[in-house]
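Hi there,

Here is the structure I promised to pass on to you. Have a look at it first, and then read my notes below.

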Amino acid sequence: MQMRPLTETMVADCSDFLFATELGRRYYPLRRLLDDAVEKACQRDDIFLAYEGQRLVGVLWYVEEGSFYIYPYLHMIVVDESCRGKGYGRRMLAYMEECLLEKRMTSKIYLIVTENNQAAQELYASVGYRKVGRLENLYRKGVHELLMEKFLSKMTKIGQLNAS
C-alpha cells in the first residue's frame with residue numbers, strides 16, 4: 001500500500017471515493033458539502049489517499065491540531081468496502097501515527113466513532129485507543145458518537161497497546 005498526500009488535482013477523486021461510502025454520505029449528505037470540505041482540507045489538514053497499485057483503496061484524513069487546538073484529531077478513515085478486513089485500516093492508522101511522531105515527541109490522538117460501528121471500535125481498541133466519552137446527537141439526532149483517545153510517544157511501538 002502506498003500513501004499519497006492529497007493534492008488539488010486529486011480532490012475530485014477523493015470526493016468521489018468518500019461520497020460512494022456510507023460514512024461519507026452520513027457526514028456529508030450533499031455532494032457539494034463534501035467537495036467544499038475536501039477542497040478546504042487540502043489546504044489546511046492532512047489527507048492521504050491509500051493506493052494498492054493504481055487502485056484507490058482508502059482515505060485518511062486528520063487534523064494535526066484539531067482537538068482543543070492542541071492534539072491531533074482523526075477526522076475520517078475510510079477503506080473501500082471490498083478491501084475491508086485486509087489490514088488497510090490498521091496500516092493507515094500506523095502511517096498517521098508515524099507521521100505525527102516524526103513531528104512531535106509525545107501526543108494524544110483523538111477520534112470520534114459512531115456508537116453502532118462495532119468493527120471500527122474494535123480496530124481502534126486493538127491498536128490502543130480507549131473510550132473516554134460518549135457524545136449524544138452530535139451530528140445527527142438519535143446517532144451517538146464515542147470519543148476515543150490514544151497516547152503516543154516515541155517509546156511506543158506503532159500499533160501496540162500501551163499502558164498509559
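**What I found**

Let me start with one residue, Gln121, which lies in helix H5 (helices, H or I, of at least four residues and strands, E, of at least two are DSSP runs, numbered from the N terminus). This is a predicted model, in which local features need pLDDT of at least 70 and side-chain atom pairs count only at pLDDT 80 or more, while totals for chains, interfaces and linings use all residues. Residues are numbered from 1 along each chain as its sequence is written, and side-chain values use heavy atoms, with hydrogens and water left out.

Is Gln121 buried or exposed? Gln121 has a relative accessible area of 14%, so it counts as buried (under 20%; exposed is over 50% and partly exposed in between, with a 1.4 Å probe and protein chains only). Its side chain reaches the backbone oxygen of Glu115 at 2.6 Å. Leaving aside residues up to four places away in sequence, Gln121 touches Val113, Thr114, Glu115, Asn116, Leu146 and Met148 (contact means heavy atoms within 4.5 Å).

Next, the core. The largest nonpolar core (buried Ala, Val, Leu, Ile, Met, Phe, Trp, Tyr and Cys residues joined through side-chain atoms within 4.5 Å) has 27 residues, and among those touching the most other members are Leu60, Tyr62 and Tyr124. Elements that each supply at least two of its residues include strand E3 (55-67), helix H4 (88-103) and helix H5 (118-126). H4 gives the most, with 7 residues. Tyr124 touches Leu74, Ile77, Leu93, Leu111, Val113, Tyr129 and Met148, again not counting residues up to four places away in sequence. Apart from this core lies another, of 20 residues, including Met10 and Leu49.

There is a pocket to look at, too. Which residues are closest to the centre of the largest pocket? Of the 36 that line it, they are Leu23, Ile77, Val78, Asn117 and Ala120. E4 provides the largest share of the lining, 7 residues, and helix H2 (22-27) is one of the elements giving two or more.

Finally, look at Gly85, in the loop between E4 and H4. Gly85 is exposed because its relative accessible area is 87%. Its C-alpha atom is separated by 23 Å from that of Pro5, and the two residues are 80 residues apart along the chain.

Enjoy exploring!

Definitions and conventions. Polar contact = N/O pair within 3.5 Å; in protein donor to acceptor, adjacent residues only side chain to side chain. 1 Å grid on protein atoms, 1.4 Å probe; cavity = no way out; pocket = protein on both sides within 12 Å on 5 of 7 lines; lining within 4 Å.
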